[in-house]
Amino acid sequence: MIRVLLADDHEMVRIGVSAYLGTQPDMEVVGEAVDGGDAVEKALELRPDIILMDMVMPVMTGAEATKAIIQQWPEAKIIVVTSFLDDDKVYPALEAGAASYILKTSNAKRIAQAIRETVQGQTVLEPEVTVKMMEKMRSGGSDQPLHDDLTQRELETLLLLAQGKSNQEIADELFISLKTVKTHVSNVLSKLDVQDRTQAVIYAFHHKLVQ
């Protein structure tokens with residue numbers, strides 16, 4: 001079972017999402033948080049497989065709560081679920097360590113699928129989010145081909161990351177150890193000057209390394 005924590009200050013949203021996830025045979029909602037501070041406390045207490053995080057909440061924003069959780073529990077998998085595509089809300093959440101970013105306009109089936117994919121180590125970004133991230137990279141003058149410094153193995157690792165592969169799947173495909181994959185991923189992030197896998201994937205799309 002995929003254990004899910006819902007963090008949203010709107011009760012009706014929590015009721016609706018919880019009801020739908022309750023119909024999924026592989027999911028269970030183990031807790032609900034009514035604000036950002038509550039989300040941090042319950043995430044660290046319950047250690048769910050997935051945290052569905054709203055962006056605009058009392059006490060702490062979703063980005064602030066995400067950062068606080070990741071700092072204390074780096075393995076946490078957080079999916080931002082929000083109505084907003086504003087730059088000042090998208091980037092702080094991703095930079096704080098959110099694994100995926102989907103919109104509340106997505107249907108319930110899409111949210112459930114995003115949960116499954118994120119649990120498997122994939123990054124789920126709505127097309128609109130990807131476009132905005134690419135626009136930010138362009139405006140930030142990041143057109144310098146930093147990937148030229150990647151070794152062939154590191155480039156292969158980046159391309160597999162962009163396909164949504166988990167570390168174990170990359171290890172299996174390249175016939176290397178999981179430890180070696182982690183080293184390659186770390187090197188990729190360092191050489192591309194990005195903070196996490198999500199930003200590495202966006203870099204790959206922006207530089208047309210993948211379609």
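Here is a quick tour of the sheet, the cores, one annotated aspartate and a helix pair in this structure. Keep in mind that this is a predicted model. An open sheet of 5 strands, paired in parallel, runs in the order S2-S1-S3-S4-S5. The largest nonpolar core has 28 residues, and a second, separate core has 20.

**The sheet**

- S2 (27–33) and S5 sit at the edges of the sheet, each pairing on one side only.
- Going from one strand to the next, the twist averages 25°.
- S3 and S4 run parallel and are joined by 3 bridges; one pairing to look for is methionine 53 with its bridge partner in S4, valine 80.
- S4 and S5 also pair in the parallel sense, over 4 bridges, and here threonine 82 has leucine 103 of S5 as its bridge partner.
- S4 is mostly covered, with 5 of its 5 residues buried. On one side you'll find Ile78, Val80 and Thr82, on the other Ile79 and Val81, and all of them are buried.

**Helices against the sheet**

- Helix H1 (residues 11–21) lies across S1, S2 and S3, and runs at about 160° to S2.
- Helix H5 (residues 108–119) packs on the sheet too, touching S1, S2, S3, S4 and S5. The direction of H5 makes about 135° with that of S3.

**The largest core**

- Which members touch the most others? Ile51, Met53, Met55, Ile69, Ile78 and Tyr101 do.
- Strands S1 (2–7), S3 (50–53), S4 (78–82) and S5 (100–103) each give this core at least two residues, and so do helices H2 (36–46), H3 (62–72) and H4 (87–96).
- H3 supplies the largest share, 5 residues.
- Methionine 53 is a good one to click on: leaving out residues up to four places away in sequence, its contacts include Ala39, Ala65, Thr66, Ile69, Ile78 and Val80.

**Asp54, the annotated residue**

- The UniProt record, an unreviewed entry, places the feature "modified residue: 4-aspartylphosphate" at Asp54.
- Aspartate 54 is found in the loop between S3 and H3.
- Is aspartate 54 buried or exposed? Its relative accessible area is 4%, so aspartate 54 counts as buried, the cut-off being under 20%.
- Beyond residues up to four places away in sequence, aspartate 54 touches Ala7, Asp8, Asp9, Gly62, Val81, Thr82 and Lys104.
- Methionine 53, next door, has Ala7, Gly62 and Val81 among its own contacts.

**The H7–H9 pair and the second core**

- Helix H7 (residues 152–162) and helix H9 (residues 178–192) pack at an angle of about 90°, their axes 9 Å apart. H7 and H9 are therefore roughly perpendicular to each other.
- On the H7 side, the contact is made by Arg153, Glu154, Thr157, Leu158 and Leu161. H9 brings His184, Val185, Asn187, Val188, Lys191 and Leu192.
- The second core includes Ala162, Val185, Leu189 and Tyr203.
- Valine 185 lies in helix H9 and, at 7% relative accessibility, counts as buried.
- Neighbours within four places in sequence aside, valine 185 is in contact with Thr157, Leu161, Asn167 and Arg197.
- From valine 185 to leucine 158 is 27 residues in sequence, yet their C-alpha atoms are 7.5 Å apart in space.

Note on methods:
Residues numbered from 1 in each chain as written. Predicted model: local features only at pLDDT ≥ 70, side-chain atom pairs only at ≥ 80, totals over all residues. Heavy atoms only, no water. Core = buried A, V, L, I, M, F, W, Y, C linked by side-chain atoms within 4.5 Å. Buried < 20%, exposed > 50% of the residue type's maximum accessible area, 1.4 Å probe, protein only. Contact = heavy atoms within 4.5 Å. Pairing = 2+ DSSP bridges. Axes fitted to C-alpha atoms, helices over the stretch in contact; angles between N-to-C directions. UniProt positions renumbered as here; feature names shortened; annotations may be inferred. Parallel < 35°, antiparallel > 145°, perpendicular 65-115°, else oblique.
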